[in-house]
Amino acid sequence: MILLLELTGIFFGLSIVLSYAIRSPRPARALLRAAIISASAWIAEESCILLYRFYDYHAGWNLFLDRVPLLVVVIWPVIILSARDLTSHLRAAHPGKGPLAGAAVVATDALFIEPIATGTGIWSWNLPGLFNVPPVGILGWFYFALLWMYLLDDKTREGPLSAYDLQLLVLPVMGTHLLLLLTWWGALRWMNHPLPDPAIAAAAWFVSFFMTVAIYKNQTGRRIHKKTLLLRLPAALFFLVLLTFKAAGPFSLTVYALAFVPPYGMLMAQQYRYPDQVI
């Protein structure tokens, strides 16, 4: 059953990447870019596991690239590309804010996925934090995504295919390690403590309420492609179902996970209310 889930996830991940490539004006280049994201993500995760020993994946996974599951490697382009797509309206209006907004979306994904994955035993951390996930783990997602967003938006770096793509492969990995080390030794190393689960769940609902209200007032859903939201739905449902049927964490983890539903629901509701105005 686990192998079937992995193969299904890999199939859907590759299908989504292919759909992005087909919509691109240069499909072959888009597929190459997705492959480089996967390779870069694998190098980043593999090196983090080997160098820092902060986390590891459960041995129950079947398909590995050394220490990183193949499914994780395949999914990283979907994470990066869908986050860019989700913030495309902001990137068009305020180009300088696009990378930060895209990385914030990826960090939100991490805040949702990491506690559930850790609570259900998909992977485990050796440090304390929110639902046994240290803040440095969330920042790893954020830093890696931020560097990729900036590189993808920085057209001044465009040059010969091999030289530019080599930068894409190497710079996010090196930059992620540098930022993680600076953050860890500059701050988190000295303040990494367990966080109370009920307080984290309450804080998540507090943020969820204000985000939902902000989305409603700003009509954010009218400026986002419906397809982008729908492509992100299967992964979210997978983790919610996983949490339901393999709940090893506290009840507050379920309360925490459900706090991510209202903002997404508001975005979808605005899609169906104003379908003719979605760009």
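Author: Helices here are DSSP runs of at least four residues, numbered from the N terminus. The model is predicted.

Reader: In which helix does Ser-252 lie?
Author: Look for the run that includes position 252. Residues 251-258 form one helix, and Ser-252 lies in it. That helix is H10.

Reader: Is Ser-252 buried or exposed?
Author: Buried means under 20% relative accessible area. Ser-252 has a relative accessible area of 13%, so it counts as buried.

Reader: Which residues is Ser-252 in contact with, leaving aside its neighbours within four places in sequence?
Author: Set those neighbours aside. The contacts of Ser-252 are then Phe-131, Asp-197, Pro-198 and Ala-201.

Reader: At what angle do helix H1 and helix H3 pack?
Author: H1 covers residues 2-23 and H3 covers residues 70-86. Their axes are 9 Å apart. Their crossing is left-handed. The packing angle is about 35°.

Reader: Which residues of H3 does H1 meet?
Author: On the H1 side are Glu-6, Gly-9, Ile-10, Gly-13, Leu-14, Ile-16, Val-17, Tyr-20 and Arg-23. By class, the contact has 12 nonpolar, three polar and three charged residues. On the H3 side are Leu-70, Leu-71, Val-74, Ile-75, Pro-77, Val-78, Leu-81, Ser-82 and Asp-85.

Reader: Which helix gives the largest share of the largest nonpolar core?
Author: This core has 76 residues. Among those with the most contacts inside it are Trp-148 and Phe-239. The largest share is 12 residues, from residues 135-153, helix H6.

Reader: What does Phe-239 touch, not counting residues up to four places away in sequence?
Author: Phe-239 is among the residues with the most contacts inside the largest nonpolar core. Beyond its sequence neighbours, Phe-239 touches Phe-112, Ile-113, Ile-116, Ala-117 and Ile-122.

Conventions
Residues are numbered from 1 along each chain as its sequence is written. This is a predicted model: local features need pLDDT of at least 70, side-chain atom pairs count only at pLDDT 80 or more; totals for chains, interfaces and linings use all residues. Side-chain values use heavy atoms; hydrogens and water are left out. Axes are lines fitted to C-alpha atoms, for helices over the stretch in contact, and angles run from 0 to 180 degrees between N-to-C directions. Helices (H or I, at least four residues) and strands (E, at least two) are DSSP runs, numbered from the N terminus. A crossing is left-handed if the near helix is turned anticlockwise from the far one by less than a right angle, and right-handed if clockwise. Contact means heavy atoms within 4.5 Å. Ala, Val, Leu, Ile, Met, Phe, Trp, Tyr, Cys and Pro count as nonpolar, Asp, Glu, Lys and Arg as charged, and the others, Gly among them, as polar. A nonpolar core is a set of buried Ala, Val, Leu, Ile, Met, Phe, Trp, Tyr and Cys residues joined through side-chain atoms within 4.5 Å. Buried means under 20% relative accessible area, exposed over 50%, partly exposed in between (1.4 Å probe, protein chains only).
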